[in-house]
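Open the model in your viewer and keep the sequence panel beside it. The stops below go from a single residue out to domains, cores and pockets, then to backbone details.

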Amino acid sequence: MKLFYSPGACSLSPHIILREGGFSFTTEKVDIRAKKTAAGEDFHAINPKGYVPALQLDDGSLLTEGPAIVQFLADQVPDKKLAPANGTLERYRLQEMLNFISTEIHKGFSPLFNPAFPDDVKRLTRERLAQRLGMLEVVVAKQAFLLGDQFTVADAYLFTTLNWAGHTKVDLEPFPALRAYHARVADRPSVQEALKAEGLAK
């Protein structure tokens, strides 16, 4: 498999899961602004959506959208327990959390990366994000990971989005449990390997 990624972007989440699951894979860096791969290919020709992550499977087909990719990967290595079994209530709880991270946290950060958005919009965006982060603070204050004591694909996704806080001036100081959670996930060998591979850690 080949993961098309941009350093520190949401593609970090499946990158972590590829390493957590012990998969054999390659990566190719994508310049999202220029829509070019490191090999000089037109990224739109590979993924018409024009953004990462995109996972090229062994049969040459392409899977996109982070939450779909990480669940696909988790289901290939059920012994790793990166996602509850399909058809269980726990699996729907995972999907519930992935959707929350995708729509409320991930997309919540988006305006903060756009220099065209006025400061008033960004202030309101940070206030809304703080409300959502407060909900997650309650969750990780009482358990090690989002779904309990087991690290899952949802943790890789939330970790990735929390990494954006410093760059976008989102204050995590009011959320001590989230900060401790972020540090706990960061300590995982798979996370360190992915960060180093993307040039985000030494």
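Leaving aside its neighbours within four places in sequence, which residues is S6 in contact with? Select S6 and show what surrounds it: S11, V30, I32, V52 and E198 are in contact with S6 once neighbours within four places are set aside, contact meaning heavy atoms within 4.5 Å. This is a predicted model, in which local features need pLDDT of at least 70 and side-chain atom pairs count only at pLDDT 80 or more, while totals for chains, interfaces and linings use all residues. Residues are numbered from 1 along each chain as its sequence is written, and side-chain values use heavy atoms, with hydrogens and water left out.

**S6 and helix α1**

S6 is found in the loop between β1 and α1. Helices (H or I, at least four residues) and strands (E, at least two) are DSSP runs, numbered from the N terminus. With a relative accessible area of 15%, S6 is buried; buried means under 20% relative accessible area, exposed over 50%, and partly exposed in between, with a 1.4 Å probe and protein chains only. Measure from S6 to K29 next: the two are 23 residues apart in sequence and 5.6 Å apart in space, C-alpha to C-alpha.

Now select α1 (12-20). Eight of its nine residues are buried, so α1 is largely enclosed by the rest of the structure. The buried ones are L12, S13, P14, H15, I16, I17, L18 and E20. Their cover includes β1, β2 (26-31), β4 (54-56), α3, α6 and α9.

E20, in helix α1, is buried at a relative accessible area of 18%. Leaving aside neighbours within four places in sequence, E20 is in contact with K80, L82, F151, R188 and S190. Just after α1, G22 takes a positive phi of about 75 degrees.

**Two domains**

Colour domain 1 (2-80 + 191-198) and domain 2 (89-188) separately; the bounds come from an automatic or database domain assignment. Their C-alpha centres lie 21 Å apart. Across the boundary, 17 residues of domain 1 are in contact with 17 residues of domain 2.

**Cores**

Select I105, L146, L158, L178 and Y181, the residues with the most contacts inside the largest nonpolar core, which has 55 residues. A nonpolar core is a set of buried Ala, Val, Leu, Ile, Met, Phe, Trp, Tyr and Cys residues joined through side-chain atoms within 4.5 Å. Elements giving two or more residues to this core include α4 (89-109), α5 (119-141) and α8 (176-186). The core draws at least three residues from each of domain 1 and domain 2.

Centre on Y181: beyond its neighbours within four places in sequence, Y181 is in contact with V140, A144, F145, L146, D155, L158 and L162. Apart from the largest core lies another, of six residues, among them F4, F43, I46 and A54.

**Pockets**

Which residues lie nearest the centre of the largest pocket? Select A9, C10, H106, F113 and W164, which do so among its 29 lining residues. On a 1 Å grid over the protein atoms alone, a pocket is an open set of points where a 1.4 Å probe fits, with protein on both sides within 12 Å along at least five of seven lines; lining residues have an atom within 4 Å of a point. The volume is about 1,100 Å³, taken as the space filled by probe spheres set on the points. Domain 1 and domain 2 both give residues to the lining, so the largest pocket lies between them. α4 gives the most, with four residues.

For the second largest pocket, of about 170 Å³, select R93, E96, M97, F100, M135, L136, V139, L146 and L147. The largest share of this lining, four residues, comes from α4.

**Backbone details**

Go to P53, in the loop between α2 (43-46) and β4. The peptide bond from V52 to P53 is cis, with omega near 5 degrees.

E65 sits in the loop between β5 (62-64) and α3, has a positive phi near 75 degrees, and is partly exposed at 30% relative accessibility.

End at K169, in the loop between α7 (165-168) and α8. K169 has a positive phi of about 60 degrees although it is not a glycine, and at 67% relative accessibility K169 counts as exposed.
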